[in-house]
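Biologist: I've got the model open next to me. Walk me through how the charged side chains are wired up, then the burial.

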Amino acid sequence: MSSGPAGHVARSTVRPDSETGTRAPLRTFLPTADGIAVDSVYEPGAVVYDASAPSTRHPVFVVAHGFTGDVDRPHVRRVASALTRYGAVVTFSFRGHGRSGGHSTVGDREVLDLAAVVEWARSLGHARVVTVGFSMGGSVVLRHAALYEGTVDAVVSVSAPARWYYRGTAPMRRLHWMVTRPEGRLVGRYGFRTRIHRRDWNPVPLSPVEAVPKIAPTPLLIVHGDQDGYFPLDHPRMLAEAAADHGELWVEHGMGHAEHAAGDGLLARIGDWAVARAG
């Protein structure tokens, strides 16, 4: 895999102001454990920080976008803007997306991207970290919480699959064509700004439904629309069953798939849930 960023690398020198308690926006490239540069953006949020204890009053939300998204997409920026009412927000582009380096592995090594971003968010002084993932990102936040025990304080997975290789809907059959065929990967690169790795998974990563039981006792929220065109309701129900008592399931009436379908009201409820559950 390529380890360099897709675009020009410019590291910001802006840092949170430790003397006044105010925080400034920050954009930088973070290195992952396997050497990929991940384009990442920190936003301080609309809440007022206490200079004596800025990390204890509000969490930082780490938002993991869906496949073909990136940090600059309008739907990702809208989610970030909504969550800044509840705490600081970090958004980033998964490998192979936007200005980040490497190639997308469609949910496998992306867990390394999230791990680097969560570590960075924690290093900025936040004692509580909440991951919020959508679709592919929803599967990644589940696997990350299972594999990196104790690194997050709450997990929200929106529109995520429960199992791999699902082709039961037309949108998922189109996605598999894009990922597995050379002509599909060209469409991904030039049509969606997404560079997709041509190799198959080896080994196959832990599936979302296998990851969920390993997340306990970290609070978990599973959100899914009853009009999701990609993954029908058996997916969130499988995840909720695997979560047992430590997870909550919200089935949203009339909601479609992922960030595009997550309205401001739902994002507000997610923010309220996260603040209450993250400790």
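Biologist: Which residues are linked in a network of salt bridges?

Modeller: First, this is a predicted model, so local features need pLDDT of at least 70 and side-chain atom pairs pLDDT 80 or more, while totals for chains, interfaces and linings use all residues. Numbering starts from 1 along each chain as its sequence is written, and side-chain values use heavy atoms, with hydrogens and water left out. A salt bridge here puts a Lys or Arg side-chain nitrogen within 4 Å of an Asp or Glu carboxyl oxygen. Linked up that way in a network are R27, D39, D72 and R99.

Biologist: D34 and R109 meet in a salt bridge, so how many residues apart in sequence are the parts that the pair ties together?

Modeller: The N to O distance in the D34–R109 bridge is 3.0 Å. D34 sits in the loop between strand 1 (26-31) and strand 2 (37-43), R109 in the loop between strand 4 and helix 2, so the parts tied together are separated in sequence by 75 residues. (Helices, H or I of at least four residues, and strands, E of at least two, are DSSP runs numbered from the N terminus.)

As for the sequence gap: 75 residues.

Biologist: D264 also forms a salt bridge; is D264 buried or exposed?

Modeller: Its partner is R78, with the closest N and O atoms 3.3 Å apart. That pair links distant parts of the chain, D264 in helix 9 (residues 264-277) and R78 in helix 1 (residues 74-83), 186 residues apart. R78 is partly exposed at 30% relative accessible area. Buried is under 20%, exposed over 50%, partly exposed in between (1.4 Å probe, protein chains only), so D264, at 54%, is exposed.

Biologist: Which residue forms a salt bridge with E183?

Modeller: E183 is partly exposed at 34% relative accessibility, and its partner is partly exposed too, at 41%. The closest N and O atoms of the pair are 3.2 Å apart, and the partner is R181.

Biologist: How many salt bridges does the count come to?

Modeller: The D34–R109 pair is one of them. By the rule above, the count comes to 16.

Biologist: On to burial: what is the relative accessibility of G102?

Modeller: G102 is in the loop between strand 4 (88-92) and helix 2 (110-123). Its C-alpha atom is 8.9 Å from that of V38, 64 residues away along the chain. G102 counts as buried, with a relative accessibility of 2%.

Biologist: What share of the 279 residues in the protein is buried?

Modeller: The protein has 9 helices and 8 strands. Of its 279 residues, the buried share is 56%.
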